[in-house]
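Welcome! Here is a short guided tour for anyone meeting this protein for the first time. Take a look at the sequence and the model, then read on.

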Amino acid sequence: MQGYRVGICGATGLVGRQLLQVLEERRFPVADLVALASRRSAGSKVRFQDTDIEVREARPGAFQGCDLVFFAAGTDVSRELAPVAVQEGAVVIDKSNAFRMDPEVPLVVPEINGETLRQHKGIIASPNCSTTQLVMALHPLRRAANLERVLVSTYQAVTGTGADALDELESQVANGAAPRVYPRPIAFNVLPHCDSFGDGDYTGEEWKLVRETRRILGLPDLKISATAVRVPVRVGHSESVWVQLDRVVDLAEVRRLLAEAPGVQVMDDPGAGQYPTPLDAAGNDDVWVGRIRRDPADDRALWMWIVSDNLRKGAATNAVQIAEQLSAWSLI
């Protein structure tokens with residue numbers, strides 16, 4: 001294979017730049033790269049394979065000749081331009097919330113439900129970053145028992161919001177700058193507020209965790225609830241997860257199932273200070289699990305602590321893994 005003509009819409013953003021890096025690291029067969037962004041960013045340059053590539057404006061006509069386009073520019077841009085890219089001949093892998101609950105669009109974590117890629121009609125959705133790491137840790141448990149109920153509290157890095165949020169954290173740490181991105185100061189603080197509040201006073205981020213988890217796992221009636229919290233961390237989302245199973249499962253079996261799962265690393269010796277943190281996860285593609293312990297009030301329930309790099313497995317790496325599977329099955 002000579003390679004694909006690959007577009008990245010949102011190439012100058014945090015996820016877009018991470019996509020460039022992951023495509024290069026994983027040696028995805030890119031014959032030609034088309035970097036796309038807003039009109040404001042057009043004319044700037046991004047670096048790929050030791051070459052400076054000029055960024056073009058993302059607009060109708062910009063996708064002509066592309067085999068594959070990654071969208072990492074937000075929901076509004078995806079809704080407007082992803083169907084255009086498909087009409088112009090490309091397969092789209094979208095990182096936004098635009099199509100995740102569309103029954104005609106596969107929502108994919110390749111290690112879990114990659115087979116659904118065979119049903120794609122031009123657009124594939126990649127899940128929310130916090131959902132991805134959650135399902136990566138829940139799915140292996142289903143080899144031992146059925147999931148009955150899940151409670152999750154997330155502790156999400158500012159890069160999940162974007163580059164402006166990272167700048168805000170740094171400026172608040174340095175000089176106590178007033179908040180612009182978040183409603184309250186994020187430095188030296190935690191905010192139980194990710195996305196906008198909606199139905200039942202749950203945020204959009206919390207509903208994404210509920211709905212996307214059910215869809216990816218194929219469990220539409222799974223009892224799951226979430227609280228999403230923004231924390232003053234640069235990179236790496238953490239989750240405290242309570243899982244109730246339909247039978248008692250030995251914790252040694254739980255650790256074995258997780259350790260055998262592709263893309264999962266178990267770090268679970270808390271007495272020796274071995275448990276995953278965002279610094280452990282930053283810069284790699286694994287989902288890290290530790291603090292595995294039984295609920296003393298319910299023998300069928302257990303606790304886990306789950307950490308992952310939100311820009312890599314939570315975003316860019318999962319999207320590139322989707323592209324790799326599409327390529328392997330000649331679906332591009």
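## Where the two domains meet

In this predicted model, 16 residues of domain 1 are in contact with 12 residues of domain 2, contact meaning heavy atoms within 4.5 Å. Domain 1 covers 4-126 + 315-329, and domain 2 covers 130-157 + 190-308; such bounds come from an automatic or database domain assignment. Between the C-alpha centres of domain 1 and domain 2 there are 27 Å.

Together, domain 1 and domain 2 bury about 1200 Å², with 64% of that on carbon and sulfur atoms. Buried area here is the accessible area (1.4 Å probe) that two parts lose on being put together, summed over both.

## Polar links across the interface

The rule finds 2 salt bridges across the interface of domain 1 and domain 2; a salt bridge is a side-chain nitrogen of Lys or Arg within 4 Å of a carboxyl oxygen of Asp or Glu. Across this interface there are also 5 residue pairs in polar contact, both residues at pLDDT 80 or more. A polar contact is a pair of N or O atoms within 3.5 Å; within protein, one must be able to donate a hydrogen and the other to accept it, and residues adjacent in sequence count only if both atoms are side-chain atoms.

On the domain 1 side that touches domain 2, helix 3 (110-113) and helix 9 (312-328) are the elements that give two or more residues. Helix 3 supplies the largest share, 3 residues. Helices (H or I, at least four residues) and strands (E, at least two) are DSSP runs, numbered from the N terminus.

## A parallel sheet

Let us turn to the sheets. One open sheet has 6 strands in the order 5-2-1-6-7-8, with parallel pairing; two strands pair if DSSP finds at least two bridges between them. Strand 5 (56-57) and strand 8 (123-125) are at the edges with a single partner strand each, so one side of each has no neighbour in the sheet.

Strand 1 (residues 4-9) and strand 2 (residues 30-37) run parallel, joined by 6 bridges. Arg5 has Asp32 in strand 2 as its bridge partner. Helix 1 lies across strand 1, strand 2 and strand 6 (68-71), at about 155° to strand 1. Axes are lines fitted to C-alpha atoms, for helices over the stretch in contact, and angles run from 0 to 180 degrees between N-to-C directions. Helix 9 lies across strand 1, strand 6, strand 7 (91-94) and strand 8, and runs at about 155° to strand 7.

## A mixed sheet

Another open sheet of 6 strands follows the order 10-9-11-14-13-12, and its pairing is mixed. Its edge strands, strand 10 (223-230) and strand 12 (264-266), each pair on one side only. From one strand to the next, the twist averages 20°.

Strand 11 (residues 237-245) and strand 14 (residues 298-308) run antiparallel, with 8 bridges between them. Helix 7 (residues 251-260) packs on the sheet and touches strand 12, strand 13 and strand 14.

## Salt bridges

How many salt bridges does the rule count? The count comes to 20. In one of them, the side chains of Arg312 and Glu25 meet at 2.6 Å, N to O. This pair links distant parts of the chain, with Arg312 in helix 9 and Glu25 in helix 1 (residues 14-25), 287 residues apart. Arg26 and Asp285 also form a salt bridge, their closest N and O atoms being 3.9 Å apart.

## Reading the numbers

Residues are numbered from 1 along each chain as its sequence is written, and side-chain values use heavy atoms, leaving out hydrogens and water. Local features need pLDDT of at least 70 and side-chain atom pairs count only at pLDDT 80 or more, while totals for chains, interfaces and linings use all residues.
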